[in-house]
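Visitor: I'm new here, and I'd like to learn how the labels on a model like this are earned. Could you walk me through them?

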Amino acid sequence: MELIREQLRLYLVTDPDLCAAAGVLDTVHAAVQGGVTMVQLRDKLATTAARIEMGRALLQLLDGSGVPLIVNDDIDAAMAIGAHGVHVGQSDMRPHEVRARVGPTMIVGWSCETVAHAAAADPHVVDYVGLGPVFPTTTKPDHAEALGLHGLAAARTATTLPSVAIGGVQLANGADVLASGVDGLAVISAICGQPHPGRAARTLADLVMRTRTQSSSPRTTWRPT
C-alpha cells in the first residue's frame with residue numbers, strides 16, 4: 001500500500017487531443033523525465049486494438065522507469081498489453097468483477113465521485129481511489145458535481161485506501177488539493193495541454209514534494225474552514 005501511495009504522487013492521465021502537438025508517446029516521455037510517477041492510458045474513442053497498440057508502445061517506453069502503466073476502463077486491452085493496472089469509473093464494470101478478471105496482482109483503481117463512493121471502496125478489492133472531480137473541468141464534460149476542497153477532504157477521510165485527486169487540478173490549486181490529505185495529484189491538461197510537458201511535470205512534481213515535506217502528516221492536520 002505504501003508503494004502505491006508513492007506511485008500516486010503525480011499521476012498523468014493521457015488525452016490524445018491535448019497531446020496532439022507532441023503526440024502521446026513524446027508527451028509521456030517528457031512527463032516521466034519531469035517527475036510523473038504513474039501514467040494512465042485514457043482514450044475513450046479508440047478501439048481496443050488501438051489501445052493495445054498504444055499501450056504496448058507506452059509499456060516499452062516506461063520499461064525500467066518504475067512508473068506503472070494503468071489502462072482506463074478497457075480490461076481486455078490492459079490484460080493484452082500486460083499493463084500494471086486498470087482504472088474503472090462508477091459507470092464501468094464493478095471493482096469486484098474487475099478483480100475477478102484480472103487476478104490478485106494487477107493494480108485496480110476506482111473513481112469515487114462522492115463521500116459514499118469513497119466509503120464503499122473495498123480495500124480487499126481496490127488498490128487506490130481517484131477522488132473527484134475536485135473542480136469543474138472541460139476534459140470530462142459529463143462529469144459529476146464537483147466535490148470542492150471540503151468535499152475532497154470528507155471523501156479522503158472516508159477511506160483508508162491510497163487516494164489521488166482529479167478534476168480541474170492545476171499548479172495554482174495543487175497545494176490546496178494536497179492539503180486535504182490525498183497522496184497525490186492526477187492531472188490531464190496541466191501537463192498534456194502545456195507547450196512543454198516535461199517542464200510542467202517538473203514544476204508539479206516539485207510542488208508535491210515540497211508540500212509533502214512541509215507536512216509530515218497531512219491527512220490529520222487539515223481542517224476545512
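Guide: Let's start with a pair of cysteines: the closest cysteine sulfur to that of Cys19 belongs to Cys192, at 3.2 Å, which is too far for a bond. Please keep in mind that this is a predicted model, where local features need pLDDT of at least 70 and side-chain atom pairs count only at pLDDT 80 or more, while totals for chains, interfaces and linings use all residues. Residues are numbered from 1 along each chain as its sequence is written, and side-chain values use heavy atoms, with hydrogens and water left out.

Visitor: Why is the sulfur of Cys19 too far from Cys192 for a bond?

Guide: A disulfide is a covalent bond between the sulfur atoms of two cysteines. Here it is called when the two sulfur atoms lie within 2.5 Å. The sulfurs of Cys19 and Cys192 are 3.2 Å apart, so the pair does not qualify. By this rule the structure has 0 disulfides.

Visitor: What is the relative accessible area of Cys19, and is Cys19 buried or exposed?

Guide: Buried means under 20% relative accessible area, exposed means over 50%, and partly exposed is in between (1.4 Å probe, protein chains only). Cys19 has 1%, so Cys19 is buried. Cys112 is also at 1% and therefore buried.

Visitor: What makes the contact of Lys44 and Asp73 a salt bridge?

Guide: Side chains of opposite charge can pair when their charged atoms come close. The rule asks for a side-chain nitrogen of Lys or Arg within 4 Å of a carboxyl oxygen of Asp or Glu. Lys44 and Asp73 are at 2.1 Å, N to O, so they pass. Lys44 sits in the loop between β2 (38-41) and α3 (48-62), and Asp73 in the loop between β3 (69-72) and α4 (75-81), so their pair ties together parts 29 residues apart in sequence. Those element names come from DSSP runs, numbered from the N terminus: helices are H or I with at least four residues, strands are E with at least two.

Visitor: Why is Asp73 called partly exposed?

Guide: Its relative accessible area is 22%, so Asp73 falls between the two cut-offs. Lys44, at 45%, is partly exposed too.

Visitor: What is notable about the phi of Asp73?

Guide: Asp73 has a positive phi of about 70° although it is not a glycine. Most residues other than glycine have a negative phi, and most peptide bonds are trans. On that second point, the peptide bond from Gly132 to Pro133 is cis, with omega near 10°. Pro133 is found in the loop between β6 and α7 (148-157).

Visitor: How do you know that Asp127 and Arg99 form a salt bridge?

Guide: Their N to O distance is 2.7 Å, so the pair meets the rule. Asp127 is in the loop between α6 (115-120) and β6 (128-131) and Arg99 in helix α5 (residues 95-102), so parts 28 residues apart in sequence are tied together. With 24%, Asp127 is partly exposed, whereas Arg99, with 14%, is buried. The structure holds 9 salt bridges.

Visitor: What makes β5 and β6 a pair of strands?

Guide: Two strands pair if DSSP finds at least two bridges between them. Strand β5 (residues 107-112) and β6 have 4 bridges in the parallel sense, so they pair. One bridge partner in β6 is Val129, which matches Trp110. On to another partner strand: β6 and β7 (residues 163-165) run parallel and are joined by 3 bridges, so they pair as well. There, Gly130 stands opposite Val164.
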